Structure formats: structure tokens, C-alpha cells
Amino acid sequence: MDRFRRASAAALLAAVALAGAVGGAAASSGVPAPPSGERAQDLATRPALSAHATTRTVEAWEEFRIHGSARNVSSGTPVTLQQRQGDRWVTLPATMRTAGSGEYSLRVKLGMKGENALRIVGGGAVSPVLRTTVS
């Protein structure tokens, strides 16, 4: 019986830790956390964007790419680059439409030196934040 209680307690702690990690990820990405009781099936159909930079460090105005894919977003949906400036996200003039496969690849040049926080938005989704240092 004691082994059963320990296993149950461990499973409960793991579930609580996982719920906290998922909720924290949603909150930090700018996408609102789902309401309590929302089914996993509903979450699976939400729009989502991935984003990856080809480099983490660039010289000012050096071109690099941010690429990723869109899930549960119509083909041809525009996706746009945003940069964190102070306490707000500013839309930059870098937009393209997703391919039939949902993929995209943006050419990016940044001039603001230091660490830049970037994200992709479109189709009701927001990507995780990318960090690129401009020297």
C-alpha cells in the first residue's frame, strides 16, 4: 500500500509540474493560456507557429533567415516579424505568406545593436521568442 501511495504522489507531482510548464510556456509566448477544462483535442486544433533563426549572432545589417512552419493555419496566410522594443512588440517590414506545406522563410536584417527579441505572428498564432545578438 505504501508503494502505491508513493507512486500516486509522484504521478500527481509530475502532472502538476507538467501543467505549470505548459501554462508558463503559453503565458510567456504571448498566447493566452486555455481556460480550465478545455479539451486536449481543442488545443490540438489551435493555430501555432514555430520559428528558428539560422544564426544567433550577426553584424549590424547582415542578412540571416528566420524559418519555421505554421500548424492549423491556412496555406497562404501572411506571417510577420516583430521585434521587442522597450515594453512593446513592434511590427517590422518583413512579411511573407506560408507555403502549401505551412512553411515559411523570412530574410531579416537588423540594425539595433545588442540582444534582439524577435517573434513571428500570423493566422492567430504567435511563435516562441527568438534572441539574436547584433554586434
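# Exercises on strand β8 and its neighbours

Four bridges join β5 to β8, and the two strands run antiparallel. Strands are DSSP runs (E, at least two residues) numbered from the N terminus, and two strands pair if DSSP finds at least two bridges between them. The model is predicted, so local features need pLDDT of at least 70 and side-chain atom pairs count only at pLDDT 80 or more, while totals for chains, interfaces and linings use all residues. Residues are numbered from 1 along each chain as its sequence is written, and side-chain values use heavy atoms, with hydrogens and water left out.

## Exercise 1: the partners of β8

Find the strands that pair with β8, and state how far β8 is covered.

Step 1. Begin with β5, which is joined to β8 by four bridges. Within this pairing, Arg119 in β8 is the bridge partner of Gln82.

Step 2. Turn to β10. Five bridges join β8 to β10, and the strands run antiparallel. Gly114 stands opposite Val134 in β10.

Step 3. Look at β9 (residues 125–126), which pairs with β8 in the antiparallel sense over two bridges. Gly122 stands opposite Ala125 there. β8 and β9 form a hairpin with two residues between them, and Gly123 in the turn has a positive phi of about 65 degrees.

Step 4. Check the cover. Buried means under 20% relative accessible area, exposed over 50%, and partly exposed in between (1.4 Å probe, protein chains only). Seven of the nine residues of β8 are buried, which leaves the strand mostly covered.

## Exercise 2: a buried charge

What does the side chain of Arg119 make a polar contact with?

Step 1. Locate the residue: Arg119 is found in β8, residues 114–122.

Step 2. Look for a salt bridge, defined as a side-chain nitrogen of Lys or Arg within 4 Å of a carboxyl oxygen of Asp or Glu. Lys and Arg count as positive and Asp and Glu as negative; His and the chain ends are not counted. Arg119 is buried and has no salt bridge, and the nearest side chain of opposite charge, Asp87, is 12 Å away.

Step 3. Look for a polar contact, which is a pair of N or O atoms within 3.5 Å; within protein, one must be able to donate a hydrogen and the other to accept it, and residues adjacent in sequence count only if both atoms are side-chain atoms. The side chain of Arg119 makes one with the side chain of Gln82, at 2.7 Å. Gln82 is also the bridge partner of Arg119.

## Exercise 3: the salt bridge

How many salt bridges does a search of the whole structure find?

Step 1. The search finds one. The pair is Arg131 and Glu115, with the closest N and O atoms 3.9 Å apart.

Step 2. Place the two ends: Arg131 is in β10 and Glu115 in β8, 16 residues apart, so the pair links distant parts of the chain.

Step 3. Classify each end. Arg131 counts as partly exposed because its relative accessibility is 41%. Glu115 counts as exposed because its value is 53%.

## Exercise 4: β4 and the core

Which residues of β4 point to one face and are buried?

Step 1. Phe64, Ile66, Gly68 and Ala70 point to one face and are buried, whereas Glu63, Arg65, His67, Ser69 and Arg71 point to the other and are not. In a regular strand the side chains alternate between the two faces of the sheet.

Step 2. Find the neighbours of β4. It pairs with β7 in the antiparallel sense over seven bridges, and Ile66 has Leu106 in β7 as its bridge partner. β4 also pairs with β2 (residues 52–53) over two bridges in the antiparallel sense, where His52 stands opposite His67.

Step 3. Move to the core. A nonpolar core is a set of buried Ala, Val, Leu, Ile, Met, Phe, Trp, Tyr and Cys residues joined through side-chain atoms within 4.5 Å. The largest has 20 residues, and those with the most contacts inside it are Ile66, Leu81 and Ile120. The elements giving two or more residues to this core are β4, β5, β6, β7, β8 and β10.

Step 4. Follow one member. Contact means heavy atoms within 4.5 Å. Not counting residues up to four places away in sequence, Ile120 touches several residues, among them Ile66, Leu81 and Leu106.
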